[in-house]
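Here's a quick walk through one protein model, taking the odd backbone spots before the packing. Keep the structure open while you read.

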Amino acid sequence: MSRSRMPSLFISHGSPMTALQPGLVGEQLAQLAQAIEQPKAIVIASAHWLGRQPMVGGAAKPETIHDFGGFPQALFDIQYPAPGDPALARRVVELLQQAQLPAQFVPDYGLDHGAWVPLRLLYPEAHIPVVPLSIQPRLGPAHQLAMGHALESLRDEGVLLIGSGSITHNLHDWRAGYGDGHEAPYVRPFIEWIGQKLSDNDVSALLDYRKLAPFAAQAHPSDEHLLPLFFAMGAAGQSGDLQAQRLDAGVDMGFLAMDIYRFDGE
């Protein structure tokens with residue numbers, strides 16, 4: 001049976017507590033998993049694996065990394081025992097290198113919470129092989145877009161390409177008193193601007209979001225949590241038509257917008 005082309009996804013993974021309190025994002029991801037064809041494998045670029053060059057995790061059995069502190073023991077007890085796919089990881093390295101993007105095969109990296117938290121909500125049985133991919137915050141949005149472009153062809157082979165970050169991410173606001181009914185004032189203008197530019201296929205404006213988007217510095221004091229969006233956009237193809245679909249998953253703690261985007265571009 002022939003496969004349809006997989007979409008690419010951007011997922012706002014939020015706090016590690018999303019794993020215990022999935023809320024609306026959990027509902028949206030469960031529905032999304034039902035709406036798309038089950039992938040044969042997943043490549044996920046997480047905002048929590050950073051490097052100077054692309055690194056590709058090739059562990060046969062990736063460990064569940066609990067890369068956080070100060071949370072309940074129940075969070076540390078969670079395991080996500082998805083298999084890896086060393087052969088696919090080596091293929092990812094080759095595709096990136098063919099696109100003049102120096103990449104490195106890493107045989108022992110596991111799944112950080114930017115990977116396993118959303119994947120656990122998408123595919124709780126942990127039965128789909130996962131290959132983690134690092135991002136390069138020093139190289140900016142255009143580099144992440146190019147990484148997505150380089151791997152686009154995998155979508156035709158049943159591979160789901162995911163960027164996992166956050167549509168807003170300013171942890172300085174952790175103790176600012178925001179919460180339900182009291183959102184940070186920059187959240188809505190920023191996510192509405194992003195949504196409009198994605199709807200308009202205005203990639204050039206998005207690449208220059210630091211200058212053009214309202215409240216960009218407040219929404220993202222540093223780039224790393226928005227960069228996976230550009231990976232997912234790049235994986236949507238080079239035709240210029242992203243076919244972006246926004247799934248509104250609310251705002252966590254008043255300052256972490258939980259938007260999910262599905263891209264079906266050709």
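Where is the place of Phe215? You'll find Phe215 in the loop between helix H8 (209-212) and helix H9 (216-219). One thing to keep in mind throughout: this is a predicted model.

## Unusual backbone angles

Most residues other than glycine have a negative phi. Phe215 goes the other way, with a positive phi of about 60 degrees although it is not a glycine. The side of the story you can see from outside is that Phe215 is partly exposed, at a relative accessible area of 39%.

Met253 is another case: its phi is positive, near 60 degrees, and it isn't a glycine either. Look for Met253 in the loop between strand S8 (251-252) and strand S9 (256-257). Met253 is partly exposed, with a relative accessible area of 26%. Asn201 also has a positive phi, about 55 degrees, just after helix H6.

## Helix H6 and the loop before it

Helix H6 covers residues 187-199, which makes 13 residues. From its first C-alpha to its last, H6 reaches 18 Å, close to the 18 Å expected at 1.5 Å a residue. Buried residues in H6 are Val187, Phe190, Ile191, Trp193, Ile194, Gly195 and Leu198. As a general point, an α-helix has 3.6 residues a turn, so residues three or four places apart point the same way.

Is Asp173, in the loop between strand S6 (159-165) and H6, buried or exposed? Asp173 counts as buried because its relative accessibility is 13%, and the cut-off for buried is under 20%. Not counting residues up to four places away in sequence, Asp173 touches Tyr178, Ala184, Tyr186 and Phe255. The C-alpha atoms of Asp173 and Gln218 are separated by 9.5 Å, although the two residues are 45 apart along the chain.

## How the helices pack

Two packed helices are described by the angle between their axes and the distance between the axes. Helix H3 (residues 86-98) and helix H5 (residues 140-151) pack at about 115 degrees, with axes 9 Å apart, and H3 passes H5 in a right-handed crossing. On the H3 side the contact uses Val92, Leu95 and Leu96, while H5 brings Met147, Ala150 and Leu151. By class, that's 6 nonpolar residues, no polar and no charged.

H5 also packs with H10, at an angle of about 35 degrees and with axes 6 Å apart. The crossing of H5 and H10 is right-handed. Among the H5 residues in this contact are Gly140, Pro141, Gln144 and Leu151, and the H10 residues they face include Leu227, Phe230, Phe231 and Gly234. This contact divides into 9 nonpolar, 5 polar and no charged residues.

## The nonpolar cores

Which residues touch the most other members of the largest nonpolar core? In this set of 55 residues, the answer is Leu96, Leu151 and Phe263. Helix H10 (residues 227-235) supplies the largest share of the core, 7 residues. There's also a second, separate core of 34 residues, which includes Ile42, Leu75, Leu119 and Leu121.

Phe263 is worth clicking on. Leaving aside neighbours within four places in sequence, its contacts include Pro7, Phe10, Arg155, Leu198, Leu229, Met233 and Leu242. Of these, Leu198 is one of the buried residues of H6.

Key
Residues numbered from 1 in each chain as written. Predicted model: local features only at pLDDT ≥ 70, side-chain atom pairs only at ≥ 80, totals over all residues. Heavy atoms only, no water. Core = buried A, V, L, I, M, F, W, Y, C linked by side-chain atoms within 4.5 Å. Buried < 20%, exposed > 50% of the residue type's maximum accessible area, 1.4 Å probe, protein only. Helix = DSSP H or I, 4+ residues; strand = E, 2+ residues; numbered from the N terminus. Contact = heavy atoms within 4.5 Å. Axes fitted to C-alpha atoms, helices over the stretch in contact; angles between N-to-C directions. Left-handed = near helix turned anticlockwise from the far one by under 90°. Nonpolar A, V, L, I, M, F, W, Y, C, P; charged D, E, K, R; others polar. Expected span 1.5 Å × (residues − 1).
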